[in-house]
Amino acid sequence: MLTFLNVFRKAGGDFDIEEDGIRFRRGGDVKPVVVETDVHPGFMTDWQQPLIVALTQAHGTSTVHETVYENRLGFTQALNKMGADIVVHPEGIASPDRRVARRALEQAAVVNGPTPLHGADVVVPDLRGGYSYVIAALAAEGESTVRNVEIIRRGYEKFLDKLTALGADFDVLE
């Protein structure tokens, strides 16, 4: 978790480590970061989708280099539909400051912010991307419809109960 917590703090988040878990809170304005996904103990690729949603609210330009899996950034199209400014570079971006060596399958997302997100009708493509859509919908102005939520409900225990506990305003359409 240290890699995630370090990125979270660099992006302006704050947290307390407690006996029963970690309590996260916003520390101030969201700051832009440059992140390279990697296998453990690096920044795990599953963390990049929700991070990209948060970076739409950062003051400046962030870059997320996906170096582990190919075609992992397709979920950003729906975020752009919601008002985000994300440009995906399918071949990645070369840089002499890279920690992880460039890999043939990598992509990069350049996120410009802050951008106000607005409601949209989106379809969950997979577990992590779909969870990111829910986060974006909760942060957006207006109403969103997130379809195919069953993927998220199967992947996260008591998902709807947790949204309710956070004070989310939602209806489940069957």
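In this predicted model, helix H2 (residues 48–55) lies across four strands, namely E3, E4 (60–66), E5 and E6. Against E4, the helix runs at about 170°.

The strands under H2 are worth a look in their own right. E3, E4, E6 and E5, in that order, make up an open sheet with mixed pairing. Strand E3 (34–36) and strand E5 (85–89) sit at the edges with a single partner strand each, so one side of each has no neighbour in the sheet. On average, neighbouring strands here are turned by 15° against each other, if direction is ignored. E5 and strand E6 (residues 107–113) run antiparallel and are joined by five bridges. As for His89, its bridge partner in E6 is Ala108.

Strand E6 is also home to Gln107. Is this residue buried or exposed? Buried means under 20% relative accessible area, and Gln107 counts as buried because its relative accessibility is 7%. A polar atom of the Gln107 side chain lies 2.9 Å from the backbone nitrogen of Arg72. Leaving aside neighbours within four places in sequence, Gln107 touches quite a list of residues, including Val64, His65 and Glu66, Asn71, Arg72 and Leu73, and also Val88 and His89.

Next comes helix H4 (residues 127–139). From first C-alpha to last, its 13 residues reach 19 Å, close to the 18 Å expected at 1.5 Å a residue. At the N-terminal end, H4 is capped by Asp126, which has a side-chain oxygen 3.3 Å from the backbone nitrogen of Arg128. Buried residues in H4 are Leu127, Gly129, Gly130, Ser132, Tyr133, Val134, Ala136 and Ala137. What covers them? The cover includes H2 again, along with helix H3 (76–81), strands E7 (121–123) and E8 (145–147), and helices H5 (150–155) and H6 (159–165).

Helix H1 (residues 2–10) has buried residues too: Phe4, Leu5 and Val7. Looking down the axis of H1, the buried residues fall within an arc of 165°, so they line one face of the helix. On the face turned away from that buried side are the exposed residues Leu2 and Lys10. Among the elements covering the buried residues of H1 are strand E1 (13–18), strand E2 (21–26), E3 and H2. Just after this helix, Gly12 takes a positive phi of about 105°.

How values were computed: Residues numbered from 1 in each chain as written. Predicted model: local features only at pLDDT ≥ 70, side-chain atom pairs only at ≥ 80, totals over all residues. Heavy atoms only, no water. Pairing = 2+ DSSP bridges. Helix = DSSP H or I, 4+ residues; strand = E, 2+ residues; numbered from the N terminus. Axes fitted to C-alpha atoms, helices over the stretch in contact; angles between N-to-C directions. Contact = heavy atoms within 4.5 Å. Expected span 1.5 Å × (residues − 1). Buried < 20%, exposed > 50% of the residue type's maximum accessible area, 1.4 Å probe, protein only. Polar contact = N/O pair within 3.5 Å; in protein donor to acceptor, adjacent residues only side chain to side chain. Arc of directions from axis to C-beta.
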